[in-house]
Amino acid sequence: MTSDPDRPPQELLHGETRQGEDLRREETDAPPVVLLVEDDGLLLMEAADTLAEAGFTVLEAPHADQALAVLESRADVEVLMTDVDMPLGSMNGFALARLVSRRWPRIPVLVVSGMGSPGPHDMPPGARFIPKPYAPSALVRTLHATVRRAA
Amino acid sequence: MVVHDTDACPPAGDGPARQREIREEILRLRALLREARRPRRTAPAAELSVLPPPVPASDWETRLATAEELNAQLRASEAFTARLLAASRDDIQVLALDGTIQWRSEGGRANAAEAAAGTRWAEACTLWAEAWPEPADRRAADLALAAARAGRTGRFRAPSGPPESPRWWDVVVSPIQGADGAPERLLTVARDVTEAHRAEEQQALLMQEMAHRVKNTLALVQAVAAQTLRSATSLEAATDAFNGRLMALADAHDVLIRGAWAEADLAAVVAGAMAPHIDAVQDRCAAAGPPVALGPRAVLTLSLMLHELATNAAKYGALSSPAGRVAIAWTIRDAAPPPAGDGRAMLRLHWRESGGPPVVPPTRCGFGSRLIERSLVHSFGGRVALRFPPEGAEMELEAPLAALQDGAA
């Protein structure tokens, strides 16, 4: 994550996010709201920290059913980021992604997983896929670009 | 399918042709013998001059005996060849150059009978390539036939039989050369490689599964590294903390691998997590509880949690002084009384330190307490309480057993 041991990691992350021209414009707007669906507490913790530092408001859900409950209860979610394998819920991340893109077509979807690349019918049209593990900066860039395109 | 028997349609080679020659020779010799034994009439002089000189009957008899012995040898050889072909479990077929089936071995006929009704194999296919159920395999079969017609060897692997439990065949198609050396017919030998094929499929699946696990493990290590750097006070502290956490994950993997990555007993998880932190003092750490099988995710999370508690205890708590003790105890509480055990059973685990220096509650929320407070609650739908009374740090966690036992890594 950081290659310069003399600088605290947080500073470096902020420095990274400021490099992008487009991100500067984002900073003046209200922070975009991302719904993070991930069953592993540690991975969720790290992804939430990364996105919060990059200027997102992060909502969390451990499985698909809770993610749907969040989407039903609030209208400000701008982007969904979901893991695939989530044993506690009633559906996996691909099914959640397809359901969300049907019920809330204005919310763009990003799927992350360690299980190689998705099959031909796994992803809803227009959704993005990022394999795990990912570079935090790449995740932030992709999410910003996704939100901007949807706006 | 149409199957000709060996006599109606000779399989190959010059054996039967030679046999036919010999039979004709025997008939000719018998006729000559009959002629020689018949009392001779006086023939006109003109005829006598063109006839071959008379051969003694005994000579004819010798030649006949030789021919009959040769015939018997050939019959034995032919019977042996037939038994040889019948002994093979391979599906051996002889085709005309156009791919029409002319002969099929006993092993092949058994396969055809075994193939379930309704599949193409059970139908009457006169064209060998048409018997393969999948269009792609029929194309592969046609290509193999073309190769054999051109004097080469064609080879492919294809399934037959019911789609839910197919048999797999390694098929070799080669030319049977005629007297002029050009392909005269085609020989197909299909060997049942179902077992090997299943083993290969299993291996591919395992490789895929392993790739998935490695990616997940790397993502976990990445998160541990990033979180360690986020909360570290110095690079040295970060290095120490990261190494300790990596070792804890490695120990948890050892515990998991002993259980074939399916499950591990909680006692083994506790022992594995505590081992690096326990010095030579006897009974410093007491672990007690019933046997509980945990799934891989729970093993990794609990191992990291216990590692954080133990590291903290070694730095500031009970494990930092010779008199300090750690007690880890767990129970299973069934929401419904057995045997109804409806999956709502809860695991309750208690960590209690005693005998250490007076505890001063931490002033900031480090990785360990964040992990403990967020990870378990989030990952398993449990609840956890971390307390720092002066007599020793305490953690109490409760989580649904079903969530802790889930098989996914």
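In strand β2 of chain B, Ile101(B) is the bridge partner of Leu95(B), and I start there since the sheet around this pair organises the first part of my talk. What we are looking at is a predicted model, in which local features need pLDDT of at least 70 and side-chain atom pairs count only at pLDDT 80 or more, whereas totals for chains, interfaces and linings use all residues. Residues are numbered from 1 along each chain as its sequence is written, with chains lettered from A and ligands numbered from 1 in the order in which they are written.

Strand β1(B), residues 91–95, runs antiparallel to β2(B) and is joined to it by three bridges; two strands are said to pair if DSSP finds at least two bridges between them. When I speak of helices and strands, I mean DSSP runs, H or I of at least four residues for a helix and E of at least two for a strand, numbered from the N terminus. The open sheet has five strands, in the order β2-β1-β5-β4-β3 of chain B, with antiparallel pairing. At its edges lie β2(B), residues 101–104, and β3(B), residues 154–160, each of which pairs on one side only. On average, neighbouring strands of this sheet are turned by 25 degrees against each other, direction ignored. Helix α5(B), residues 135–149, packs on the sheet, where it touches β3, β4 and β5 of chain B, and its direction makes about 155 degrees with that of β3(B). For these angles, axes are lines fitted to C-alpha atoms, for helices over the stretch in contact, and values run from 0 to 180 degrees between N-to-C directions. A contact here is a pair of residues whose C-beta atoms, placed from the backbone, lie within 7 Å.

Let me turn to the chains as wholes. Chain B comes to eleven helices and twelve strands, and 28% of its 409 residues count as buried, a class that asks for 20 or more other C-beta atoms within 10 Å of the residue's own, with 12 or fewer counting as exposed and anything in between as partly exposed. Chain A has six helices and five strands, in the pattern α-α-β-α-β-α-β-α-β-β-α along the sequence, and buried residues make up 38% of its 151 residues.

Where the two chains meet, 23 residues from chain A and 28 residues from chain B take part in the contact. On the side of chain A, the elements giving two or more residues are α1 (9–19) and α3 (41–53), and α3(A) gives the most, with seven residues.

Just past that helix, Ala54(A) sits in the loop between α3 and β2 of chain A, and Ala54(A) counts as buried because 24 C-beta neighbours lie inside 10 Å.

Finally, the cores, each being a set of buried Ala, Val, Leu, Ile, Met, Phe, Trp, Tyr and Cys residues joined through C-beta atoms within 7 Å. The largest has 82 residues, and those with the most contacts inside it are Leu35(A), Val37(A), Val269(B), Leu294(B) and Val299(B). Helix α9(B), residues 296–315, supplies the largest share of this core, ten residues. A second, separate core of 18 residues includes Ile101(B), Ala144(B), Trp168(B) and Leu186(B), which brings us back to Ile101(B), the bridge partner of Leu95(B).
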